[in-house]
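This report describes selected features of a predicted model. It covers strand pairing, burial and a charged surface patch.

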Amino acid sequence: MRLRIEEITLVGTSRTIRFEPGMNAIVGSMSGGKTATVSCLRALLGADVSVVPELRGRTIAGTVLVGDRRFRIVRPLVTTANAMVEIAEVDGRGEVWRLPASQLRAGYDATFRDWWRDVLELPRLSVPRAPNDDRSPLVPVTISDYLMYCVLRQKEIDSSVFGTPDNYSKNIKRKYVFEILYGLYDPEAAGLRDRLREVTTELAALTADASTLERILQSTAFASRAQLEVERLATEQELTQARQADVRLAGSIPNEPTTTKLRRRIAETEAEIARAATAAEAEAVSVNHLRELHGQLVAQSRRLTRALVAERLLNDFEFHTCPRCGAGVSDRGDENSCRLCLQTPPNLPAPSSLAAEQDRVIEQVTETEELIDRSTHRLAKLQAAVTDQTRHRTELGAQLDRATSTYITDQADRIRSIAARQAQLEERLARLDDSLALHDRLAGQAERVAELEREQEDLNSRIDATRHSNKAVSERLQKLDDAFEAALRSFDAPRFDDEPGSYINRKTYMPVVDGRPFADLQSQGVEVLVNVAHVLAHQHVALNDPDIPLPNLLIIDGISSNVGHEGVDLERLRKMYASLLRTATEHVDRLQIIVTDNDSPPIDGIHRPLELSDTDRLVPTTPIEPGDGTPEDAPTEEEASD
């Protein structure tokens with residue numbers, strides 16, 4: 001997808017940078033602000049804001065071309081994740097957006113990052129946070145992750161491939177983006193991985209549950225299922241025999257209907273006794289509570305009486321003689337304080353309010369006494385009912401004893417014994433059924449575990465098949481190897497004699513130069529050349545393959561870092577510039593390349609939209625107006641602080 005930055009402006013300043021199609025170079029001294037410019041470009045493209053202090057809080061505005069659509073973007077340079085970004089389409093459909101930067105806010109269903117991903121038609125996928133853990137949570141692949149293959153940052157250009165060795169999570173995202181771009185991570189495989197995650201999670205839970213259940217059963221007397229089944233059969237047979245014996249014994253009692261009726265009446269009488277006793281107990285508690293309340297109300301009435309008497313008799317009493325020592329009390333204090341203690345008397349209730357309270361309390365005392373009388377009367381009736389029912393229960397018991405004395409006396413022990421044995425057998429049968437249910441559950445879990453393991457194996461096989469059976473993927477990777485080798489040769493990069501030929505490792509997706517992994521190159525200058533060749537190779541392949549969704553934009557910050565500027569090294573630098581310019585010119589309408597360097601490009605034909613210096617930095621200083629009393633060559637506040 002064509003992605004071109006046409007212009008970027010620091011709002012509120014005179015700094016506007018206009019880029020051309022093809023290759024652009026931002027040049028200037030180390031402190032001029034080249035890397036800060038790249039940070040602004042990345043922020044314009046949806047990355048997190050990470051800028052130098054003098055840019056914080058400012059706002060950038062830029063115009064970008066995406067495919068055939070042109071957009072104007074205004075973004076504040078703040079680290080707040082939900083800071084609002086404004087987007088407006090120039091001409092075309094004339095659409096307008098106002099979106100939070102990277103974190104959703106209430107009322108919004110997309111972010112600025114999401115907008116970039118959608119407008120560039122990049123796959124909307126979520127990948128496991130830890131690729132080797134199928135239960136790892138999923139995280140989305142953002143525009144910042146895709147830009148790792150479009151922006152080569154200065155702090156990483158000579159130390160790592162797209163900033164990966166020292167950042168584990170970023171390295172994981174780098175590998176996922178590689179797989180997405182080249183078709184190794186296709187939608188079918190993503191769906192299979194989601195199902196594999198569900199299967200693995202359920203399998204782990206079932207395995208843990210089955211292991212726990214098996215340990216519990218092994219520690220009990222019910223560990224053997226076969227033994228449980230034998231015991232259950234024997235218990236069931238014995239229980240059947242006990243029930244038959246109980247039926248035969250009950251049928252052999254001639255006066256069974258009379259005794260049954262008496263037993264039912266006894267049960268009803270005992271229930272009535274229990275009900276009356278419970279009600280009597282509750283009524284007794286109620287009487288006690290009412291008596292306590294009565295006592296409290298009487299005490300309250302007495303206190304109110306004393307207060308009323310004191311108010312009437314002692315209100316105007318004045319001490320002229322000390323009640324303690326008998327000495328005279330002289331005039332002192334004022335009309336608002338006590339003559340004796342010199343304190344302000346408290347505000348006491350008016351006599352009328354005390355009298356009203358006294359009347360209310362007396363009414364409550366009367367009502368409480370009435371309630372006590374009624375509760376005492378109900379309690380007496382309930383106690384009498386308990387006494388009557390108890391006497392009736394005694395009479396019924398005597399009748400039952402007389403009815404069964406001639407026959408039941410000999411059968412009582414047998415009846416109790418058979419009933420007790422029947423209850424024991426029923427309880428044991430229930431415990432055996434519970435234990436067998438645990439064995440059934442364990443067997444069911446084992447079947448489910450086996451089923452999940454078969455599905456897990458099948459999913460892994462299908463995922464591996466999607467990774468290795470796609471011929472188009474293999475062709476793309478071979479083209480990437482060829483483009484990488486061609487780029488290194490065009491740069492005339494130093495080579496090694498170990499294993500001639502350079503390629504991309506199929507497991508790590510890292511470059512290998514003549515058999516040496518990137519981490520073993522050791523020379524920082526060689527690492528810069530390899531990194532530039534690597535990122536350029538990706539663009540070469542993407543430009544010729546529309547199925548690779550890599551944005552066609554390449555930003556290289558500090559392109560000549562640690563590369564010599566004399567002799568052979570200078571010639572290699574020229575060749576690297578020439579190769580980049582040739583690619584940008586060949587695909588001028590599709591690929592834009594922006595590089596930053598301390599020195600001017602060593603070849604001609606490269607547009608320089610911005611030249612910075614120690615005195616002309618990215619953030620321009622405010623010019624001094626003539627005639628304001630300040631010399632024209634006097635340094636500004638910002639320059640002085642620098």
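## Helix H8 and a charged patch

Helices here are DSSP runs of type H or I with at least four residues, numbered from the N terminus. By that rule, residues 351-404 make up helix H8, and Asp-359 lies in it.

Asp-359 belongs to a patch of negative charge on the surface. The other members of this patch are Glu-363, Glu-367, Glu-369, Glu-370 and Asp-373. The relative accessible area of Asp-359 is 46%. Because buried means under 20% and exposed means over 50%, a value in between is classed as partly exposed, and Asp-359 is partly exposed.

## The parallel sheet

An open sheet is built from 5 strands with parallel pairing, and their order is E10-E14-E15-E3-E16. Its edges are strand E10 (151-152) and strand E16 (607-612). Each of these has a single partner strand, so one side of each is left without a neighbour in the sheet.

Within this order, E15 and E3 stand side by side. Strand E3 spans residues 22-28 and strand E15 residues 592-597, and 6 bridges pair them in the parallel sense. Asn-24 has Ile-594 in E15 as its bridge partner.

## Strand E1 and its partners

Strand E1 covers residues 3-10, and 8 of its 8 residues are buried. The strand is therefore largely enclosed by the rest of the structure.

E1 pairs with strand E4 (residues 59-66), to which it runs antiparallel, through 7 bridges. Leu-10 is placed opposite Ile-60 in E4. A further antiparallel pairing, over 3 bridges, links E1 to strand E2 (residues 16-18). In that pairing, Thr-9 is opposite Thr-16 in E2. E1 and E2 form a hairpin, with 5 residues separating the two strands. Gly-12 lies in the turn and has a positive phi of about 90°.

As a general point, side chains in a regular strand alternate between the two faces of the sheet.

## Helix H2

Is helix H2 (residues 112-119) largely enclosed or left open? Of its 8 residues, 7 are buried, so H2 is largely enclosed by the rest of the structure. The buried residues comprise the aromatic side chains Phe-112, Trp-115 and Trp-116, together with Arg-113, Asp-114, Arg-117 and Val-119.

After H2 comes Glu-121, which has a positive phi near 60°.

Technical notes: Residues numbered from 1 in each chain as written. Predicted model: local features only at pLDDT ≥ 70, side-chain atom pairs only at ≥ 80, totals over all residues. Heavy atoms only, no water. Patch = residues over 30% accessible without salt bridge, like charges linked within 9 Å, V, L, I, M, F, W, Y side chains within 5 Å. Areas by Shrake-Rupley, 256 points an atom, 1.4 Å probe, with all protein chains shown as cover. Salt bridge = Lys/Arg side-chain N within 4 Å of Asp/Glu carboxyl O. Lys, Arg positive; Asp, Glu negative; His and termini not counted. Charge placed at Lys NZ, Arg CZ, Asp CG, Glu CD. Buried < 20%, exposed > 50% of the residue type's maximum accessible area, 1.4 Å probe, protein only. Pairing = 2+ DSSP bridges.
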